[in-house]
2 protein chains.
Amino acid sequence: MNEIVFDHKECGSCPIRHRSVCARCEADELEELDAIKYYRSYEAGQPIVWSGDRMDFVASVVTGVASLSQAMEDGRTQMVGLLLPSDFLGRPGRDAAPYDVVAVSNLTLCCFRRKPFEQMMIRTPHVAQRLLEMTLDELDAAREWMLILGRKTAREKIASLLAIIARREASLALTTAGDGMDFELPLTREAMADYLGLTLETVSRQISALKRDGVITLEGKRKVIIPDFDRLQIETGDDNDGGLMV
Amino acid sequence: MNEIVFDHKECGSCPIRHRSVCARCEADELEELDAIKYYRSYEAGQPIVWSGDRMDFVASVVTGVASLSQAMEDGRTQMVGLLLPSDFLGRPGRDAAPYDVVAVSNLTLCCFRRKPFEQMMIRTPHVAQRLLEMTLDELDAAREWMLILGRKTAREKIASLLAIIARREASLALTTAGDGMDFELPLTREAMADYLGLTLETVSRQISALKRDGVITLEGKRKVIIPDFDRLQIETGDDNDGGLMV
DNA sequence: CGGGTGCCTTGACCCAGATCAAGAATTGCG
DNA sequence: CGCAATTCTTGATCTGGGTCAAGGCACCCG
């Protein structure tokens with residue numbers, strides 16, 4: 001893997017966004033992708049596709065947050081993934097969307113018509129490779145999430161979610177500012193509950209508890225300040241080495 | 001996708017085992033794969049790899065059942081996947097195993113040394129394509145499992161697991177015998193508990209309850225008879241159209 | 001045949017988190 | 001500016017599933 005300087009702004013719209021591969025984007029495929037690409041914006045709360053819908057594009061998130069979720073008939077819903085800027089949405093080779101996709105905040109997608117994208121994938125093998133890599137990452141994240149859902153307490157779940165968001169946030173903003181960090185929560189309490197398999201009341205109570213215990217500080221309802229990341233990490237119940245996520 | 005007659009025995013050892021792709025296996029790659037392939041057997045209960053171990057092979061399951069699981073330091077464990085015959089194990093491009101892999105029953109793997117396999121992947125694009133497809137299926141399965149873990153009751157969890165195993169079993173044995181079906185449970189109560197995020201006592205109680213209510217019949221402790229699959233399906237809480245799985 | 005050793009079942013009790021309910025804080029809009 | 005409409009917090013109570021404990025059953029081995 002050759003380490004190439006990586007400008008996220010330029011590359012954000014490229015679904016094969018990755019420092020080593022982006023270099024190649026500068027070559028042929030980028031133009032090819034440009035020809036089939038278009039942007040779309042969504043308002044917070046707006047649905048993007050419903051489970052089962054035909055989906056004739058794939059896309060990458062430019063700005064904002066989207067959620068993938070599955071719903072049961074009686075209204076119970078489980079969020080199964082969270083898409084942050086630079087994440088990929090859609091599945092080459094599949095007609096129907098497998099989950100509901102909703103814009104959690106205001107959102108911009110960079111879309112590619114699916115058929116031409118698939119064609120390109122066949123012709124340029126490294127795109128399929130990259131997509132495989134990304135899918136394996138998503139699979140790992142989904143499985144780490146299974147551990148959270150199946151075996152962690154409410155407090156550990158909240159801590160895990162905060163740690164994951166903090167880590168993601170830190171890796172995007174390149175401010176590796178030691179152990180203290182802060183960010184804006186992109187999710188409502190209800191969305192957090194749907195992600196964690198809890199009720200919104202429990203989410204609220206556990207956030208209050210973490211605040212009371214000095215693990216986090218809140219500024220308003222959404223801004224979270226983490227004075228000591230290691231402390232938060234302990235609250236997650238995980239062993240104390242890194243695990244990637246979301 | 002061209003529908004070719006599919007002999008599972010011949011193809012079981014081919015990691016690109018799929019009716020449409022198997023046809024191509026008859027050509028070049030099959031020989032190439034044969035050259036780097038070897039078999040390994042494990043006894044029930046035997047570990048195959050531990051999370052974090054270096055893993056220098058990929059494999060496909062020939063016979064038996066293996067489990068993927070994640071453990072917390074204090075002993076809580078969550079099973080995150082179940083590998084049945086014809087499933088693929090391992091990740092091209094990754095050195096370390098991300099989970100513990102254990103043989104649930106006696107198990108035979110058909111292994112390929114990883115490096116040569118990766119080389120071949122680069123040269124033959126349709127293998128990468130197939131692997132991407134398989135990984136997407138696993139991702140869907142993992143996410144359906146997230147719904148089960150996060151939002152279903154204990155009874156629904158058990159019903160879901162039984163329905164999933166029954167469906168898998170039915171698709172392997174080509175006996176599409178209407179609505180009645182039966183199979184041998186490949187998991188202990190404890191393994192089921194680890195899969196479902198429950199305790200083994202709750203698993204036992206809910207199985208007893210389903211038996212009492214006539215949803216299933218047991219023969220011994222492991223053989224499950226499902227007189228009416230639709231009835232079981234209702235107990236899962238899902239909407240009543242198919243959803244793939246495991 | 002008798003006593004392990006796994007695996008499973010069932011009962012009694014308890015508690016983390018759900019549910020129900022009442023406000024408080026924040027946001028948006030006429 | 002004032003009055004909804006959201007979104008969040010907190011309290012009181014309830015309950016599904018966890019925990020602890022006591023056998024039951026099948027199989028193996030000496």
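## DNA contact and chain pairing in a predicted model

By class, the residues that form the surface near DNA strand D are four nonpolar, six polar and six charged. The model is predicted, and the description below follows first the DNA contact and then the contact between the two chains.

Of the 16 residues around DNA strand D, those that come nearest are A:Thr188, A:Ser204, A:Ser208, B:Thr153 and B:Thr202. At least two residues of the surface near this strand are supplied by each of helix H7 (189-196) of chain A, helix H8 (200-212) of chain A and helix H8 (200-212) of chain B, and the largest share, six residues, comes from H8(A).

The contact between the chains takes 32 residues from chain A and 33 residues from chain B. On the side of chain A that touches chain B, the elements giving two or more residues are strand E5 (77-83) and helix H5 (125-151) of chain A, with H5(A) giving the most, 19 residues.

The two surfaces divide by class as follows.

| Surface | Nonpolar | Polar | Charged |
|---|---|---|---|
| Near DNA strand D | four residues | six residues | six residues |
| Side of chain A that touches chain B | 15 residues | eight residues | nine residues |

Chain A can be laid on chain B with an RMSD of 0.1 Å by a turn of 180° and a shift of 0.0 Å along the axis, which is the relation of a two-fold axis. Because 100% of the interface residues of chain A are also interface residues in chain B, the copies meet through the same surface.

Terms used:
Residues are numbered from 1 along each chain as its sequence is written. Chains are lettered from A and ligands numbered from 1 in the order in which they are written. This is a predicted model: local features need pLDDT of at least 70, side-chain atom pairs count only at pLDDT 80 or more; totals for chains, interfaces and linings use all residues. Copies are superposed by least squares on the C-alpha atoms of residues with pLDDT of at least 70 in both. Two residues are in contact if their C-beta atoms, placed from the backbone, lie within 7 Å. A residue is near a molecule or strand if its C-beta atom, placed from the backbone, lies within 6 Å of it. Helices (H or I, at least four residues) and strands (E, at least two) are DSSP runs, numbered from the N terminus. Ala, Val, Leu, Ile, Met, Phe, Trp, Tyr, Cys and Pro count as nonpolar, Asp, Glu, Lys and Arg as charged, and the others, Gly among them, as polar.
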